[in-house]
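Biologist: I am new to reading protein models. Could you walk me through one, feature by feature?

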Amino acid sequence: MDVQKIIIDTDPGQDDAIAIMMALAAPHLEILGLSTVAGNVPVSQTTANACGILELAGRPDIPVHAGCAAPLRRTPITAEHVHGRTGMDGPDLPQPELRPQGQHAVDFLIDTIRAHPSGSITVVTLGPMTNLAVALVKAPDIAARIGRVVSMGGAYSECGNITPSAEFNMFADPDAADIVLRRQLPLTLVPLDITHKFLISASRLDRLRALPGRCAQAAAAMLGFSERFDLEKYGWDGAPLHDPCTIGWLLAPDLFAGRTVNVSVEVDSPLMQGATAVDWWQVTNRPRNALFLREVDSAALWEVVLTQLSRLP
């Protein structure tokens, strides 16, 4: 299988951490760098967390670039109520020695996409799309050079998880999402419709805890911490695991099903800010701009997660 070059734009976040670990373990994924953004916690902390994940996995060779500290025109929101003070509460991880590069994440995105053959880079966004949106505005030429964008964000039948109508990443910076959605990029959206089907039950978490590596043990501790909020919130048998579904789709797209439709995001209504309008039945003439996933083989996807994490130290 050909090696796929990816950039992960992220706001770690326990689920971001596990997604990054999965990508690190995949033989046919080459991570060109991590770009960080404000989201689950402020960007200074998401950057430190990204460095910590790479250090934990023994991959200090992968560069980390700190990015945008705030949404394009909104008041920043964070999610410490879910992820804890550090964003990756759970394991007792030391402060990382790895430091971010001096180049801003937006410029890293632009320069890296320009430096590689057109269509060869996939950008995976695990948080608000601020960095990617700013890069597209600053350097419009990169839109035609991006191979694909895979984003955790949005919702259709599942409505919202931060407001009654909006998923967190879209709500945190709807203006950035609007820019990305209007650029007609090859885009795969992994929404709550998928992640609310991918639940980490007690038995699944026990299987993760049984893996021997330090990365798997850290992942289990992270999930053991973050699930407490969602278990109380939803009352389900397990907590949803969001961001790893993006890497799961890259590794095993046959486990997912969806439809290429038009997706728009609400930027003007205070009540509906960040809500995604998914034209599932093509009742408008708006152009189809995203592969919107809605079905997943949850059991098989968990096997993918375990396989990847078992490969790490």
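**Reading the model together**

Modeller: Let's start with one residue: C159 is partly exposed, with a relative accessible area of 42%. Here buried means under 20% relative accessible area, exposed over 50%, and partly exposed in between, using a 1.4 Å probe and protein chains only. Before we go on, note that this is a predicted model, in which local features need pLDDT of at least 70, side-chain atom pairs count only at pLDDT 80 or more, and totals for chains, interfaces and linings use all residues. Residues are numbered from 1 along each chain as its sequence is written, and side-chain values use heavy atoms, with hydrogens and water left out.

Biologist: Where is C159 found, and what is the sign of its phi?

Modeller: The general idea is that most residues other than glycine have a negative phi, and most peptide bonds are trans. C159 has a positive phi of about 65 degrees although it is not a glycine. This residue is found in the loop between β5 (146-152) and α6. Helices (H or I, at least four residues) and strands (E, at least two) are DSSP runs, numbered from the N terminus. Q184 also has a positive phi, near 55 degrees, and lies in the loop between α7 and β6. At 43% relative accessibility, Q184 counts as partly exposed.

Biologist: Which residues does the cis peptide bond join?

Modeller: The cis bond joins P12 and G13, with omega about -5 degrees. G13 has its place in the loop between β1 (4-10) and α1.

Biologist: How do I read the packing of two helices?

Modeller: Fit a line to the C-alpha atoms of each helix over the stretch in contact; angles then run from 0 to 180 degrees between N-to-C directions. Angles under 35 degrees count as roughly parallel, over 145 as roughly antiparallel, 65 to 115 as roughly perpendicular and the rest as oblique. Helix α1 (residues 14-25) packs with helix α2 (residues 43-56) at about 40 degrees, their axes 10 Å apart. The two are therefore oblique to each other. Contact means heavy atoms within 4.5 Å, and this one is made by A17, I20, M21 and L24 of α1 with I53, L54 and L56 of α2.

Biologist: At what angle do α1 and α10 pack?

Modeller: Helix α10 (residues 214-234) and α1 pack at about 155 degrees, with axes 9 Å apart. That makes α1 roughly antiparallel to α10. Q14, A17, I18 and M21 in α1 meet residues of α10 including C215, A219 and M222.

Biologist: Which residues touch the most other members of the largest nonpolar core?

Modeller: A nonpolar core is a set of buried Ala, Val, Leu, Ile, Met, Phe, Trp, Tyr and Cys residues joined through side-chain atoms within 4.5 Å. In the largest one, of 60 residues, I8, L208 and I247 touch the most other members. Helix α1 gives the most to this core, with 9 residues. Leaving aside neighbours within four places in sequence, the contacts of I8 include I20, A23, V124 and I247.

Biologist: How many residues of α7 are buried?

Modeller: Helix α7 (residues 174-182) is mostly covered, with 8 of its 9 residues buried. What covers the buried residues includes α5 (130-138), α6 (168-172), β6 (187-190) and β10 (263-265).

Biologist: Is L250 buried or exposed?

Modeller: L250, found in helix α11 (residues 244-251), is buried, with a relative accessible area of 11%. Leaving aside neighbours within four places in sequence, L250 is in contact with Q4, I6, T122, V124 and V150.
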